[in-house]
Amino acid sequence: MSRNLDSPVQTQMAVAMFNSPLSGECRGNKRMEGKAAGMRRVFVQTETGCVLGMELDRSDNAHTVKRRLQLALNVPTEESSLTFGDMVLKNDLSAIRNDSPLLLTRNYLHRSSSTPCLSPTGRDIQQRDQSGPVEILGRSNHFVRTKQLVKDIVKAMKIGVEPIPVHSGLGGAYYFRNNRGESVAIVKPTDEEPFAPNNPKGFVGKALGQPGLKRSVRVGETGFREVAAYLLDYDHFANVPPTALVKITHSIFNVNDGVGGNKPQNKKLVSKIASFQQFIPHDFDASDHGTSSFPVTSVHRIGILDIRIFNTDRHAGNLLVRKLDSAGSFGHVELIPIDHGLCLPECLEDPYFEWIHWPQASIPFSEEELEYIENLDPVKDSEMLRSELPMIREACLRVLVLCTIFLKEAAAFGLCLAEIGEMMSREFRSGEEEPSELEVVCIEAKKLVAEREVISPKIVTTSDDEFLFEIDCEGPEFEVTPKIAADDFSTRAPFHFGFVGGSGHFPLSKLEESIEEEDDCEDEGEEKGSFFGLPQCEKIPTVSKLSMSLKTTILGEKNLKYPKFPGTKIENSYLGNSSSGHRSANEQLPASMTFVKLADMNKEEWLLFLENFQELLYPAFAQRKSVTLGQKQRQRLGTSCQF
C-alpha cells in the first residue's frame, strides 16, 4: 500500500506535555495484559490516511516508530514529523496515551527521489497490525452501546454483509450493517473528509493536518469533534447518538492514487481511523418538515449544545426528525442532532444556527434547562476532553470554555436562546464581515489585557512547563496581545481559574455610570476607588467606560470601524463555495476573517482575559435586552444558505 507523501503540509508547533498519567486498559493483544504501565497501543496514520496499529514500550522513541511505519507500510519517513495533537514528538513518547492516534507529516514540500527505502529484515519484518477489524480508540466505559454495535458489525462482516456507501454529502461515509442487513452505524474515515487525500467525491488536494473546509478545523480532525459533542452531551440532554473514534479495516474504503483523485481498480483491505456513530432510524430531516411542530424542549437542548461547542454548521440537514405517533401523541416528533465535525474550531468565526429564527428559540428557558446550564463546568469539561480525547488541541478547549461561560452568564441574565445565538453571529453589510457581539466583547477584553501590560510592563519568561501553542488559522487578526505577569492583578474567579479576588459581579448600576462622571474624574484628578490596585483616574479604561464603548459598537450602528482586509468578501457560505466540483481546493476555502484569536495568549493572559470577558458581558447583555424589547429582532441572512 504505497502512498504518495509529496503533498504539502504545514509545520505544527509543539506545546507542553500532557500532565495526566497514562491510563486505560491495553486492548487488542493478549501479550499486553498486565503491562499497561509499560506498554501502550497506538495507531499511527500517515498524512495520506494509511494507518498502522503498533505497541510501544519504554524503550521506543519517535525514530523507532517511524522506522516501523516505513518497514510495515513501505512509506518514506525521512524529513517527516510525528505529531500528537499540538505536540511534535521529538524523541520522548511518555506523553502518549494508550489507544492514541498519531500523525506522520511531511516537513518539506519536496524530497529527493533518490532516497532509498529500507527493506525489512530480521525482527522488523515481524511488525504486523494485529488489531481486529473494528477497534475503539479510547476508554470503553463511555462507549458501552458502541461496543455492542461493533460486535454486531463484526459478526455481519464475517458472513459477508457489506457496508453501503453514502452518496450524499461532501465526504466519504458508509452505512455498516448487522447480520439482518439493517444499518446500525455510520462510519466516516478521517482521510475521506472534504479536501482529504482519499476523498471519494473529488474534493482533494490537501494533506491531513492542513486547514480544511473551515480554516479553523483541520483536515482529518472532524472525527474526534463528533466524539467530543457526544461526550459533552451529559445525560443524553440533546439526544446526540453514541459516537466513538475507531480504527476500522475494510475493502470498501476509498483510496486515491495521489491527490488527483484517480481510484485504483483493485480493492484491497485498508485500515483507517474514522468516527463511528450509531445510526438512528428516522423519517426525514428538518428541511423536509415544518418547524412549528418541533418540541420547544428539543430545540432548546440542541441550541444549548450548539452554543457550548460553537457549532459552525447547524443546518436543517443535520437535524433528524423521528415521528413519535402513538396513542395520545399524534403529531409529536423527536429531534436527533448529528454531524458535529465542524464544532469546537481553533478560533472564533461565524457560527450558523438553523434554529436562530424558529419561534421556539424566543421562548424563555425552563427551570430544568436553567439548572442544567448552571451546573455546567467548563473547567471540568476541558479536563474530561483532555482525558478522553488527548489529541484535541488546546485552542479548541479555549473555545469551549469561552462559549460555556458566555452561555451560563447569558442564561443567568435572562436572555433567551435566540438572543444568545444572535450575539454569537456575525453580520454582513455590503459584502463585508463585521464582528459579532461576542467577538466585540472579546476584543475589548484583550485590549484590557494589553493595556494592563502598559501599566505594569513585567514580562514573564516562558518556562519549559508552560504551554505555548500556535494555531495556523489563516486570515488577519484584529489585535496582538503582549505577555503579562499573572501576579500583577487580582479579580474574581467564579470558575476557579486560579486567581483569588472578590466574589460576585459588578452591579449594573456601576457598569452604567455615565461618561460625564468619568470625565469629571479625569478633569479634577479625583480618586473614586481603585481597579487592579491603581487610582481610577490613572488606570486602564474602566468597565463602565468600556460599557459605553460597547454600546457604540454592539447592536446598533457600529461606529467602531474595523480594518478591511483583502479576501473578506463573502459568497453566502462554505457550503455554497465548496459544493462546486469545478473549483480548486484553495478556492473552496471559506473567506472568513479572524477578528480575535484565543490561542495567542499564555496561561496568565488567558486567565486575565476570562476575568475581563465576564465583567464586560453585562453591559453587552443589557444592550441586547433593550434592543430586543425596543424593536423587532433583525433577520439574519444565514451563512449556510445558497441562492
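How many cavities of 30 Å³ or more does a search of the whole structure find? Hold that thought, everyone, and let me set the scene. What you see here is a predicted model. The protein chain runs to 643 residues, and 57% of them count as buried. Along the chain there are 15 helices and 18 strands. The chain exposes about 27100 Å², with carbon and sulfur atoms supplying 51% of that.

Now, how does the chain meet itself? Take contacts between residues at least 6 apart in sequence: 74% of those join residues at least 24 apart.

Okay, the inside. In soluble globular proteins, nonpolar side chains tend to be buried together. Here, the largest nonpolar core has 67 residues, and L344 and L385 touch the most other members. Helix α3, residues 222–232, brings the largest share of this core, seven residues. Apart from this core there is another one, with 63 residues, including I307, F365, Y372 and M423.

Let's stay with L344 for a second. If you skip its neighbours within four places in sequence, its contacts are R225, A228, I309, F310, L385, I392, C396 and L400.

Back to my opening question: the search finds five cavities. The largest one holds about 250 Å³ of space. Its lining is made of 19 residues, and Q45, L103, G220, E221 and M391 lie nearest its centre. Two elements, β3 (80–84) and β5 (100–106), give two or more residues to that lining, and β5 gives the most, with three.

So what kinds of residues line the largest cavity? Ten are nonpolar, seven are polar and two are charged. That's me done, thanks!

How values were computed. Residues are numbered from 1 along each chain as its sequence is written. This is a predicted model: local features need pLDDT of at least 70, side-chain atom pairs count only at pLDDT 80 or more; totals for chains, interfaces and linings use all residues. Side-chain values use heavy atoms; hydrogens and water are left out. A nonpolar core is a set of buried Ala, Val, Leu, Ile, Met, Phe, Trp, Tyr and Cys residues joined through side-chain atoms within 4.5 Å. Buried means under 20% relative accessible area, exposed over 50%, partly exposed in between (1.4 Å probe, protein chains only). Helices (H or I, at least four residues) and strands (E, at least two) are DSSP runs, numbered from the N terminus. Contact means heavy atoms within 4.5 Å. Accessible areas come from the Shrake-Rupley method with a 1.4 Å probe; for residues, only the protein chains shown count as cover. On a 1 Å grid over the protein atoms alone, a cavity is a set of points where a 1.4 Å probe fits but cannot get out, and a pocket is an open set with protein on both sides within 12 Å along at least five of seven lines; lining residues have an atom within 4 Å of a point. Grid points are joined across faces, edges and corners, and a volume is the space filled by probe spheres set on the points. Ala, Val, Leu, Ile, Met, Phe, Trp, Tyr, Cys and Pro count as nonpolar, Asp, Glu, Lys and Arg as charged, and the others, Gly among them, as polar.
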